[in-house]
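Dear colleague,

Here is the structure for your files. My notes on the ligand site and the domains follow below.

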Amino acid sequence: MLSAMIAQMFNIDGRVFSVEPLGHGNVNDTYIVIFRTVFSEQRIVLQRINTNVFQKPVELMENIHNVTRHVHKVYEREQDEADRIWQLPLVIPAKDGKDYVIDENGNYWRAITQIASAQSYEKIKNAEHAHEIGAVLGHFHHAVADMDCTKLHDTLPGFHITPGYFATLDNALQTKAGQARLHGSKVAENVLQFINQRREWSSVLEDAKARGELVPRIIHGDPKTANVMIDNVTGKGTSIIDLDTVKPGLIHYDIGDCLRSCCNPAGEDANDFTQIVFDLDLCSALIEGYKEHSQGFLTDNDRKYLYDCVRLITYELALRFFADYIAGDVYFKVRHEGQNLHRARVQVQLCRSIEARENQIRKILALL
Ligand code: GN1
Ligand code: MG
């Protein structure tokens with residue numbers, strides 16, 4: 001098996017014993033690999049980087065390398081005062097010293113340590129879980145707060161720049177196949193209508209950035225429920241994972257995405273649309289956890305756009321899923337035809353719920 005052969009090219013003791021798929025990532029292929037020696041075994045996470053999405057894998061690995069090295073130092077330095085052992089995966093070098101291996105087809109692979117005795121969940125479980133996810137994101141932001149974001153590469157230009165995604169959608173809509181998908185169902189037409197009604201507002205964060213009200217920092221880029229490891233023993237958050245999108249960006253992209261993901265108890269693949277709501281108790285719990293561990297670095301201008309970022313990142317994901325459906329599923333992996341349309345519809349429903357609860361959400365976010 002190719003993945004086993006690749007795994008063996010990393011600098012890890014022992015021999016590959018097994019390789020199994022891991023998680024439900026929408027972009028990369030992820031495996032858990034067990035290495036055995038005569039007296040022990042070790043599990044590592046092996047990933048094939050999707051270079052259709054991440055076109056600069058070497059720069060991407062450089063970002064991950066530099067950020068993890070910095071964060072590990074912070075966590076070690078602050079260890080004695082911490083209420084837990086905070087963790088972050090470590091990049092495992094290949095036997096040739098590089099942070100990746102290129103296979104015979106030109107694919108890039110990387111290996112990272114597994115955060116053991118912990119797991120992540122596709123859907124939020126309860127308020128305590130939301131609190132811990134907020135804590136992990138807040139603590140990660142605290143750990144990178146003193147790092148100069150201009151030292152990182154922009155490995156995914158346009159990522160979370162909401163107005164930029166209209167070009168993808170509009171181009172796809174101009175094709176025959178795109179028109180057929182749009183008019184193939186009332187659902188698709190309704191999603192497009194929802195998106196079009198909010199086009200003008202969708203530059204709200206980018207406009208604030210252009211005015212200098214919001215400034216780029218280091219962000220995680222994808223702090224969804226499934227990317228936060230929860231300790232099996234204590235139930236506390238221990239690590240954020242999936243560091244592909246660690247790069248310069250607005251902190252609002254992270255806060256918005258985290259709330260979008262964690263405050264919807266029905267999850268991204270919900271089938272029962274009556275269950276899709278933006279849950280205010282989960283929101284309060286997440287914000288509390290974030291506040292406790294981010295050690296307060298938000299400015300007044302940052303606070304001004306907190307409600308917008310929750311609504312916007314939810315809207316943006318609806319737009320991204322929908323544009324990909326219209327384009328023929330070229331970006332997000334799908335397990336069945338129509339999945340990206342379904343995913344878009346879920347985010348539209350969530351966005352409607354956010355809009356309906358604007359005042360209550362603003363009140364909660366004012367606590368940050
Ligand atoms: C993608 O690959 P994965 O599942 O970590 C996407 C995120 C979306 C997320 C939605 C690079 O993340 O932006 O929020 O799906 N990542 C990229 O589940 O586009
Ligand atoms: Mg990701």
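**Ligand site and domains**

Of the 15 residues around ligand 1 (near meaning a heavy atom within 4 Å of the molecule), Asp222, Lys224, Glu268, Arg320 and Tyr331 come nearest. This is a predicted model, in which local features need pLDDT of at least 70 and side-chain atom pairs pLDDT 80 or more, while totals for chains, interfaces and linings use all residues. Residues are numbered from 1 along each chain as written, chains are lettered from A and ligands numbered from 1 in written order, and side-chain values use heavy atoms, without hydrogens and water.

Oxygen atoms of ligand 1 lie 2.7 Å from a side-chain N or O atom of Lys224, 2.6 Å from one of Glu268 and 2.7 Å from a polar side-chain atom of Arg320. The protein covers 96% of the 440 Å² of accessible area that ligand 1 has on its own (Shrake-Rupley method, 1.4 Å probe).

The shell around ligand 1 consists of 6 nonpolar, 3 polar and 6 charged residues (Asp, Glu, Lys and Arg count as charged; Ala, Val, Leu, Ile, Met, Phe, Trp, Tyr, Cys and Pro as nonpolar; the others, Gly among them, as polar).

The domain assignment, automatic or from a database, gives domain 1 (1–114) and domain 2 (118–368). Each of the two contributes at least three residues to the shell around ligand 1. Their C-alpha centres are 25 Å apart, and 31 residues of domain 1 are in contact (heavy atoms within 4.5 Å) with 35 residues of domain 2.

Regards

Definitions and conventions:
Polar contact = N/O pair within 3.5 Å; in protein donor to acceptor, adjacent residues only side chain to side chain.
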